[in-house]
Amino acid sequence: MEQFFLDTPKEGFIDITLLVGEIVLNGHVRRGICQVFVPHTTAGVTINENADPDVAADMQLALEQMVPDLPYQHVEGNSPAHLKSSLIGCSVTLPVIDHSLVLGTWQAIYFCEFDGPRRRKVWVQVIGV
Amino acid sequence: MEQFFLDTPKEGFIDITLLVGEIVLNGHVRRGICQVFVPHTTAGVTINENADPDVAADMQLALEQMVPDLPYQHVEGNSPAHLKSSLIGCSVTLPVIDHSLVLGTWQAIYFCEFDGPRRRKVWVQVIGV
Amino acid sequence: MEQFFLDTPKEGFIDITLLVGEIVLNGHVRRGICQVFVPHTTAGVTINENADPDVAADMQLALEQMVPDLPYQHVEGNSPAHLKSSLIGCSVTLPVIDHSLVLGTWQAIYFCEFDGPRRRKVWVQVIGV
């Protein structure tokens, strides 16, 4: 399993497609599945539009409004970030063909920070033949 | 990796269980994991109830209400569809046993269109032994 | 594929990390991916904080408020539980290294009951080498 680090802003979606793609290229698997796993509970990983950065900004804005402002019990005060992590998910799996990540034309892989700034880890594992 | 096409309505959940199951049956993997991957950023794929079509309709209605109506910046005007894609997810993985997809009694695989009508692709990859 | 059963409350997040970890330890795969699959349509599985139980309680509260109260058509009256299942997801995949599940420091695997109490099943499949 490979690992890389990210220094994140307070909140934000960071395009990690190239970092993941490089690991897949340098690995031993020709055909299989690539798993991108975020080992944190107030961050996530998703696949979405790679062209217009307004899309990621709009998604953050909408998520912010969707998760209600309630008298949460968790003392750290970051319960909305925990819920966002579970809504978006902390892992994605992608097809690998000919040692390359396969994505749709408009897709990129985004690390989603919901409670930064922090130093974060991303784990990448490729399995197959 | 196999691929099939769907012609979608404006919005809707399309049951693709049989299409995916056929690919698994005709493949070389006896035991493993099937990945269904949607290479689009305003559509998704989910697993939910196969019996009463009202469930899928209710889910679309609730999603529509949940995603807020905001002054989004993305000029295409489909930011809610992008967020729905990331909330539902663009891939699912399912167990494969004896060359067959394994699902719960009431489960079906649905392609989720959030910004149609369009011609869409679905990628299916099966890995294992 | 291995299977275990849970007797669930009306609603709640049940930590199943040890149960899944034991299956991985006793399996034949040294390095690969573990899939946890919930074969139900009003329950889910997610990865989130393992330390403060208030986090899971806060997440349930927020989800409850987020899913709107609408005139749903599905006669069983549990459409919100179906939507929560698709928002959270019915499967997670985790890295396996040296016959062990690999998780972040603060991560646990939770079975999410949205429409109990019921007797539920969890399927665990480990693939790799």
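Q: Does Asp98(C) count as buried or exposed?
A: This is a predicted model, in which local features need pLDDT of at least 70, side-chain atom pairs count only at pLDDT 80 or more, and totals for chains, interfaces and linings use all residues. Residues are numbered from 1 along each chain as its sequence is written, while chains are lettered from A and ligands numbered from 1 in the order in which they are written. A residue is buried if 20 or more other C-beta atoms, placed from the backbone, lie within 10 Å of its own, exposed if 12 or fewer, and partly exposed in between. Asp98(C) has 8 other C-beta atoms within 10 Å, and therefore counts as exposed.

Q: Where does Asp98(C) lie?
A: Helices (H or I, at least four residues) and strands (E, at least two) are DSSP runs, numbered from the N terminus. Asp98(C) is a residue other than glycine with a positive phi, near 50°. Its place is in chain C, in the loop between β5 (91-97) and β6 (100-101).

Q: What is the phi of His99(C)?
A: His99(C) is found in the loop between β5 and β6 of chain C. With 14 C-beta neighbours inside 10 Å, His99(C) counts as partly exposed. Most residues other than glycine have a negative phi. His99(C) is not a glycine, yet its phi is positive, at about 65°.

Q: Which pattern of helices and strands does chain A follow along the sequence?
A: Chain A has 3 helices and 8 strands. Read along the sequence, they follow the pattern β-β-α-β-β-α-α-β-β-β-β.

Q: What is the radius of gyration of chain A?
A: The C-alpha atoms of chain A fill a box of roughly 50 × 30 × 20 Å along the principal axes. The globule rule (2.2 Å times the number of residues to the power 0.38, with the radius of gyration taken over C-alpha atoms) gives 14 Å for 129 residues. Chain A is as compact as a globular protein of that length, because its radius of gyration is close to that figure, at 15 Å.

Q: Which strands are the edge strands of the open sheet in chain B?
A: Two strands pair if DSSP finds at least two bridges between them. In chain B, 5 strands form an open sheet with antiparallel pairing, in the order β1-β8-β3-β5-β6. The edge strands, each of which pairs on one side only, are β1 (2-7) and β6 (100-101).

Q: Which residue of β5(B) is the bridge partner of Ile33(B)?
A: β3(B) and β5(B) pair in the antiparallel sense over 6 bridges. In β5(B), the bridge partner of Ile33(B) is Pro95(B).

Q: How many residues of strand β1 of chain C are buried?
A: β1(C) runs antiparallel to strand β8 (residues 119-128) of chain C, to which 6 bridges join it. Glu2(C), for instance, stands opposite Val124(C) in β8(C). Strand β1 of chain C (residues 2-7) lies largely in the open, because the number buried among its 6 residues is 0.

Q: Which residues have the most contacts inside the largest nonpolar core?
A: A nonpolar core is a set of buried Ala, Val, Leu, Ile, Met, Phe, Trp, Tyr and Cys residues joined through C-beta atoms within 7 Å. Two residues are in contact if their C-beta atoms, placed from the backbone, lie within 7 Å. Beyond four places away in sequence, Cys34(C) touches several residues, including Val20(C), Leu94(C) and Val126(C). The largest nonpolar core has 112 residues, and those with the most contacts inside it are Cys34(A), Cys34(B) and Cys34(C).

Q: Which element gives the most to the side of chain A that touches chain C?
A: In this contact, 26 residues of chain A meet 29 residues of chain C. On the chain A side, β3 (32-37), α3 (79-88), β5 (91-97) and β8 (119-128) each supply at least two residues. With 6 residues, the element that gives the most is α3(A).

Q: Which residue of chain B has the C-alpha nearest the rotation axis?
A: Chain B is superposed on chain A, by least squares on the C-alpha atoms of residues with pLDDT of at least 70 in both, through a rotation of 120° with 0.0 Å of shift along its axis (RMSD 0.0 Å). The two copies are therefore related as by a three-fold rotation axis. In chain B, the C-alpha nearest this axis, 3.4 Å from it, is that of Leu87(B).

Q: What is the omega of the peptide bond from Gly116(A) to Pro117(A)?
A: Pro117(A) lies in the loop between β7 (107-113) and β8 of chain A. Most peptide bonds are trans. The bond from Gly116(A) to Pro117(A) is cis, with omega near 0°.
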